[in-house]
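Have the model open and ready to rotate. We'll walk through it piece by piece, moving between side chains and sheets.

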Amino acid sequence: MRGAAGTRRRGIRRTARSSSGGSGGSYRSSCGSDGPAPRSGARSCSARTKLAPQVRSLGRGLALSLILLGQSLARAGRSGARAASTMSTRTSLPAAIKTIGTLQPNPTPFPTQDPFLFCVYHRDFMPAGNANMEAPRRGNGHDFDASKPYRMYHGDRIPGFPQHPHRGFETITATMAGLIDHTDSVGNGGRYGEGDLQWMTAGKGIVHGEMFPLVHDDKPNTLQLFQIWLNLPSRSKMVEPDFVMHWADQVVTVPDLDKAKVTVWAGAWGDLVPPRPPVASWAADPENEVTVWLLELQPGGSVSLPTARGGDAISRSLYLVEGEGAAIVTDEGTTPLLKQQYAVLRGAGTEMQVAHLDEGASESVKVLVLGGKPIGEPVTQYGPFVMNTQREIQQAFHDYQTTRFGGWPWDEDAYVFPKDRTRFALVDGVETFPGTCEGQEES
């Protein structure tokens, strides 16, 4: 029986504990890399020397995980530098476009603008699983190889991210294909995917796991999703953790478009307003105009992006994640977005279209749009903790060491639900399911 945090969950299929030993396993970020990619104008502080005593005091297994984290952060930094080095030097960019750059192969994090910290796109061609929802090969504990058709990440036989902590920001997990099993230190859990969106406020601290069970044994288990980290302002970094689920049938799409589909995960698109985010989110205030939109354009299709009420004070970036032949069209002309390119706009105040100009192409294009009012505060980040000062990061390590953010109420670090369990969300002891808005109390 699943109950409040502190009780053990029974009758549930688990994967093996993470090989690093200590509680929390390795700290590569959930559904992504070790932390936010470098952001223009933002400070990212690893503080390795001053944090060394805190790291050592967490125990050998966890300290090793943090060493691996630091090494991966360095690699992520180099990837961000390479991305920056490939930014367009064209002098003919229209005034509305600040830069154009090239994304590194998935699952390398994207460069992001304030208020976002991190974004990663997962597209893993997971094979059919066995009776235990396992992959045909074992993971090595740190599998992010972009050259492979699929990655095990930190999973052993089931891909995914065993339990790991967060503090000071939010995770938005927007799914298109595949399934995710969520468990956390608050006692919440669930299985979601296939178009669902999960929005979690880490706030003062939460430990969660995200595993990708291969539930189908007769067909591939393709996984396709974005995970996005949205920062919290200093006043909200220590709020209570929160969790909302937007089922696929609640997610807003823009109607009556020709050769195009727009999914509105966050932020109004004209009069269309998606379900509300958690109450403490930076996105909960409409004045902050936080937007997460996915544009899917068939050959010859186009959409006009709504301008922000705050004009160019609102940040906006476009990422071409699938296909080629996209372009940004403004009054000054047409600017191509080549395969795996992204555009940083000077703001969200200029009228423009995003188009798939290659009418002879055989595939559609997908463009992710991220935008919002910048928080404008210092960012100090070490792996899973994002605060404003180094002292606050040190406090986060201390708090996690002493409290484990409430402890881990599940039997194993890498936890998956039974194979025959359909999509559900367990929040504060109440289960909800796709197609329903009412909660169902557990018996």
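**A walk through the model**

Let's begin at a ring: Arg 404 lies over the face of Tyr 400, at 4.8 Å from the ring centre. Keep in mind as we go that this is a predicted model. Tyr 400 also belongs to an aromatic cluster, together with Tyr 382, Phe 385, Phe 397 and Phe 405. There's another arginine to look at as well: Arg 421 has its charged end over the ring of Phe 424, 3.7 Å from the centre of that ring.

While we're on rings, how many aromatic pairs does a search of the whole structure find? The count is 20. Tyr 319 and Tyr 342 make a stacked pair, with 6.0 Å from centre to centre and 25 degrees between the planes. Tyr 319 sits in strand E15 (residues 315-322) and Tyr 342 in strand E18 (residues 341-345), so this pair ties together parts that are 23 residues apart in sequence. Both tyrosines, Tyr 319 and Tyr 342, are buried. Now turn to Trp 410 and Phe 417: their ring centres are 6.0 Å apart, but the planes stand at 85 degrees, and the pair is therefore edge-to-face. Trp 410 and Phe 417 are both buried too.

Time to zoom out. The protein chain has three helices and 25 strands. Of its 443 residues, 58% are buried. If you take the contacts between residues at least 6 apart in sequence, 76% of them join residues at least 24 apart.

With that many strands, the sheets deserve a tour. One is an open sheet of seven strands, ordered E1-E18-E15-E20-E13-E12-E11, and its pairing is antiparallel. At its edges stand strand E1 (97-102) and strand E11 (252-253); each has a single partner strand, so one side of each is left without a neighbour in the sheet. E1 pairs with E18 over five bridges, in the antiparallel sense, and across that pairing Ile 97 stands opposite Leu 345 in E18. The two strands of the stacked tyrosine pair, E15 and E18, are next to each other in this sheet order.

Follow the chain on from E1 and you reach Pro 115, in the loop between E1 and E2. Is Pro 115 buried or exposed? Its relative accessibility is 1%, so Pro 115 counts as buried. What is around it? Leaving aside neighbours within four places in sequence, Pro 115 is in contact with a set of residues that includes Leu 230, Asn 231, Trp 282, Val 290 and Ser 315, as well as Gly 372, Lys 373, Pro 374 and Ile 375. Take Leu 230 from that list: Pro 115 and Leu 230 are 115 residues apart in sequence, yet their C-alpha atoms are 6.2 Å apart in space.

Next comes an open sheet of five strands, in the order E2-E9-E4-E7-E10, again with antiparallel pairing. Its edge strands are E2 (116-124) and E10 (242-246), and each of them pairs on one side only. From one strand to the next, the twist averages 10 degrees. Inside the sheet, strand E4 (residues 169-177) is joined to E9 by eight bridges, and the two run antiparallel. Here Ala 174 stands opposite Phe 226 in E9. Right after Phe 226 comes Gln 227, which also lies in strand E9 (residues 223-231). With 0% relative accessibility, Gln 227 counts as buried because that value is under the 20% cut-off. The side chain of Gln 227 makes a polar contact of 2.9 Å with the side chain of Glu 210.

Our last stop is strand E5 (residues 179-184), where six of the six residues are buried, so the strand is largely enclosed by the rest of the structure. Leu 179, Asp 181 and Thr 183 point one way from E5, while Ile 180, His 182 and Asp 184 point the other way. Which strands does E5 pair with? Five bridges link E5 to strand E6 (residues 189-193) in antiparallel fashion, with Gly 193 as the bridge partner of Leu 179. E5 and E6 form a hairpin with four residues between them, and in the turn Gly 187 has a positive phi of about 100 degrees. Four bridges link E5 to strand E8 (residues 206-211), also antiparallel, and there Asp 184 stands opposite His 208.

Methods: Residues numbered from 1 in each chain as written. Predicted model: local features only at pLDDT ≥ 70, side-chain atom pairs only at ≥ 80, totals over all residues. Heavy atoms only, no water. Buried < 20%, exposed > 50% of the residue type's maximum accessible area, 1.4 Å probe, protein only. Polar contact = N/O pair within 3.5 Å; in protein donor to acceptor, adjacent residues only side chain to side chain. Phe/Tyr/Trp six-rings, centres within 6.5 Å; stacked < 30°, edge-to-face > 60°. Lys NZ or Arg CZ within 6 Å of the ring centre and 35° of its normal. Pairing = 2+ DSSP bridges. Axes fitted to C-alpha atoms, helices over the stretch in contact; angles between N-to-C directions. Contact = heavy atoms within 4.5 Å.
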